[in-house]
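Thank you all for coming. I would like to walk through one model this morning, going from its covered elements to its cavities and then to a few individual residues.

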Amino acid sequence: RNMSSIASQNIHLNQRLSSRQHNNDLTRSRTTSRASKCQVIKASGAPLTDRKLRVAVIGGGPAGACAAETLAKGGCETYLIERKMDNCKPCGGAIPLCMVGEFDLPEEIIDRKVTKMKMISPSNRAVDVGQTLNDKEYIGMCRREVMDDFLRKRANSLGANLINGLFMKIEDPGQGNGPITVQYNDYEEESKTGVPKTLEVDVVIGADGANSRVAKCIDAGEYDYAIAFQERIKIPDEKMEYYKDLAEMYVGDDVSPDFYGWVFPKYDHVAVGTGTVVNKTAIKQYQTAMRNRAEEKCAGGKIIRVEAHPIPEHPRPNRVQGRVALVGDAAGYVTKCSGEGIYFAAKSGRMAAEAVVEQSMNGTREISESDLRVYLDKWDRKYWATYKVLDILQKVFYRSNPAREAFVEMCADEYVQKMTFDSYLYKTVVPGNPVDDVKLLANTVASLMRSNALRIASKSGIAA
């Protein structure tokens, strides 16, 4: 597909938003005009008798954009601050089917509908996955620069004030002592260095990624992180045809000592990448191995973009402090084993914003830390088990090549595929068949015993 079709796609996306944007243009333009003339937007910190609750959302990815949308719809005066409006985060870009409906995503932002996957073991044994999907089920593949732009524009059309700015720091005098002051550099006027400005708000939602400055401001605590490295490769049309509805996942010590490598189809290219926590300095070595593993199927390809980014490995110790809450990667909401983060980012942003809207009675009263902890309690109750189970699976199956061989072997089982896809696509724990569950347990134990025997044999030099 050529540049004209891409332009046509973007025009169509903008048209979907134009009608909703029109209703808010006058109000937003007046607000923006006032803000540009004054370096400080004042908030009194007094009871909200003559204004709405004012919230700053730092970061315009899925977490921040969905938070801003929910806040604006809920009656809060919302400011969404994002520095890179065309950011291309190195991300596989996979989204579950439930996210399309739950977040009302148009098909135009979905590059590919993946209905087939290949799991490829260290010995290059390939297992086809996806046979349990029906004709309406798929995994969506998106480019982050397209999806994030859509979500930001939709939030803007619903009343959120979008600021092209770089967040610097916050000053919080504490509950009851006045507003929180947000300091940022404004790039709206195409300044290369940005114009220092301040914004006074009642609440801050930090959605500014793994290197979150908001998290540092509230001393949210450290977490371990992975480095994701990805190359976007333009391959010949006949090669692209192979990947039109297919994604590949590679496991092995060569591509990552503790994660997996991937080839995911995009609009007119493939994304080839890998990640690691335990040996970050060797990430380029792993990426070379990943490229070599997929060399034949990507032959004749040209690298059009190289991307790298940190990915959190577990939630931060402190995700709410005073009137500040963290969501998305800033909070550490990326699952182990699968590395999924987009859905959980969008969901956490929405849940945090819903708590703010509900506890403030649609922006008519101030809120405190206890109000923000309503979001945190709901989140942990809903997803704690998911993160814990995937953490265990990663430790069990990514620890050695024999264990990875056992993992790929298990993926050939139709029942395993059904349970895995149903849980991923719909983000619910699907009740299983008791008889099949017992069989699965037995097969899992057998696979693990076999992998352990192979691991011991390989260490001792005995042929298995």
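Let me begin with helix H11, whose buried residues are Pro402, Ala403, Arg404, Glu405, Ala406, Phe407, Val408, Met410 and Cys411. That makes H11, residues 401-411, a mostly covered helix, with 9 of its 11 residues buried. By buried I mean under 20% relative accessible area, with exposed being over 50% and partly exposed in between, computed with a 1.4 Å probe on protein chains only. Helices (H or I, at least four residues) and strands (E, at least two) are DSSP runs, numbered from the N terminus.

Before going further, a word on the source: this is a predicted model, in which local features need pLDDT of at least 70 and side-chain atom pairs count only at pLDDT 80 or more, while totals for chains, interfaces and linings use all residues. Residues are numbered from 1 along each chain as its sequence is written, and side-chain values use heavy atoms, with hydrogens and water left out.

Strand E2, residues 54-58, is also mostly covered, since 5 of its 5 residues are buried. Both of its faces are covered, with Arg54, Ala56 and Ile58 buried on one side and Val55 and Val57 buried on the other. E2 runs parallel to strand E3, residues 77-82, and 5 bridges join the two; within that pairing, valine 57 has leucine 80 of E3 as its bridge partner. Two strands are said to pair here if DSSP finds at least two bridges between them.

Elsewhere, 3 strands form an open antiparallel sheet in the order E4-E8-E5. Its edge strands are E4 (94-95) and E5 (112-114), each of which pairs on one side only. E5 pairs with strand E8, residues 139-141, over 3 bridges in the antiparallel sense, and lysine 113 has glycine 140 of E8 as its bridge partner.

Turning to internal space, how many cavities of 30 Å³ or more does the structure hold? There are 2 of them, and about 50 Å³ of space lies in the largest. A cavity, on a 1 Å grid over the protein atoms alone, is a set of points where a 1.4 Å probe fits but cannot get out, and lining residues have an atom within 4 Å of a point. Grid points are joined across faces, edges and corners, and a volume is the space filled by probe spheres set on the points. The lining of the largest cavity includes Ala226, Phe259, Thr276, Glu313 and Gly339.

Now to some single residues, starting with asparagine 318, in the loop between strand E17 (302-312) and strand E18 (320-321). Asparagine 318 counts as buried because its relative accessibility is 16%. Its side chain makes a polar contact, at 3.2 Å, with the side chain of glutamine 321; such a contact is a pair of N or O atoms within 3.5 Å, where, within protein, one must be able to donate a hydrogen and the other to accept it, and residues adjacent in sequence count only if both atoms are side-chain atoms.

Finally, cysteine 337, in the loop between helix H8 (328-331) and helix H9 (342-359), has a phi near 70°, a positive value in a residue other than glycine. Cysteine 337 counts as buried because its relative accessibility is 9%. Aspartate 104 has a positive phi near 50°, and aspartate 104 counts as partly exposed because its relative accessibility is 49%.

Definitions and conventions: 1 Å grid on protein atoms, 1.4 Å probe; cavity = no way out; pocket = protein on both sides within 12 Å on 5 of 7 lines; lining within 4 Å.
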